[in-house]
Amino acid sequence: MTDAYLVLDRLKKSYPRAGQPPLQVLNGLDVAVEEGALLSILGPSGCGKSTLLNIINGLDDATSGAVRLAGTEVTTKTRSGVKIGVVFQQPRLLDWRSVRDNVALPLQEMGLPADEIADRVRRYLDIVGLGEFAGYYPLQLSGGMQQRVSLARGLAIEPDLLLADEPFSALDEISARKLRQEFIRIWDETGKTILFVTHNIREAVFLSTRMLVITNRPSQVYLDLPVEAPYPRHPEDDVLFELEKSVTRDFMRMEDQAGLARVGSTG
Ligand SMILES: Nc1ncnc2c1ncn2[C@@H]1O[C@H](COP(=O)(O)OP(=O)(O)OP(=O)(O)O)[C@@H](O)[C@H]1O
């Protein structure tokens, strides 16, 4: 367990609340993630998925337990040296910078030479299908196009670990399908590790090598499941469809149990 690329070791997180007991969010996650995994993380709204990504990214501290990345403990004060890219649910673009300059910004912060920056910006905007929109400003693009710029920005730094928080949820299904294929291609070519938060069970089954289903708050791992179907996968593949149905059933059972527990505790 301690050898894995990313280790969540009895990870707990709670937030203080005025006049109330702390809000218990993560309640002892124990997970070891192998290098090169494409791990999707599913769970009910508010169970702490974004909180978990923030802790792994060193933007927030665990209340107890630890995150270790490539053997180094990650906190807000200590970084592992692993290059982390992030793609959020919201595009979070700078409206006053062109598409090109938004994607270039983190590359400039990394101190890359100008020609390398120009190359990467072009390459990753092409990958997300926005090569012709480099000179546009975010407000001249649709929401889905802005999300694709954000994806290009996250990928362009060529991270060792990509943390993706529902990156396709704002896209129409056809654009999302194309981008998922690209996403798998990039993951396959680079061999990097990806943690992928989604509410979409079909998407998780289609993309990932492993799925983690997390319970309602205070959250624990409910299901940790390998997805063994070979790539390339087809969204309508029978094996994937069966797996989707079975995970959906498990997910609903988990929600029912949580509902019963709530009724039990108030009744
Ligand atoms: N900085 C913070 N301070 C206080 N509470 C917080 C903070 N960040 C998150 N929370 C609370 O922690 C819980 C988990 O939030 P989080 O955003 O991690 O959930 P999530 O699983 O990503 O939700 P969703 O699926 O709806 O995006 C929520 O109840 C939220 O209100």
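**A four-stranded sheet, a helix and a ligand shell**

Let me begin with the sheet, in which four strands are arranged in the order β2-β1-β4-β5, forming an open sheet with antiparallel pairing. The edges are taken by β2 and β5, each of which pairs on one side only. Please keep in mind throughout that what we are looking at is a predicted model.

Going through the pairs in turn, β1 and β2 run antiparallel and are joined by nine bridges, and within this pair L6 stands opposite V33 of β2. On the sheet packs the helix α1, which touches β1, β2 and β4, and whose direction makes about 65° with that of β2.

Strand β1, residues 6–17, also pairs with β4, residues 64–69, again in the antiparallel sense and over five bridges, and here K12 is found opposite S64 in β4. From β4 we move to β5, residues 72–73, where two bridges join the antiparallel strands, and R68 has E73 in β5 as its bridge partner. The hairpin of β4 and β5 has two residues between the strands, and in that hairpin A70 takes a positive phi near 45°.

That brings me to the ligand, and to the question of which residues surround the ligand. They are Y15, L23, V25, G43, S45, G46, C47, G48, K49, S50 and T51. Sorted by class, this shell holds four nonpolar, six polar and one charged residues. Both β2, residues 20–33, and α1, residues 49–56, supply at least two residues of the shell, and it is α1 that gives the most, with three residues.

Note on methods
Residues are numbered from 1 along each chain as its sequence is written. This is a predicted model: local features need pLDDT of at least 70, side-chain atom pairs count only at pLDDT 80 or more; totals for chains, interfaces and linings use all residues. A residue is near a molecule or strand if its C-beta atom, placed from the backbone, lies within 6 Å of it. Ala, Val, Leu, Ile, Met, Phe, Trp, Tyr, Cys and Pro count as nonpolar, Asp, Glu, Lys and Arg as charged, and the others, Gly among them, as polar. Two strands pair if DSSP finds at least two bridges between them. Two residues are in contact if their C-beta atoms, placed from the backbone, lie within 7 Å. Axes are lines fitted to C-alpha atoms, for helices over the stretch in contact, and angles run from 0 to 180 degrees between N-to-C directions.
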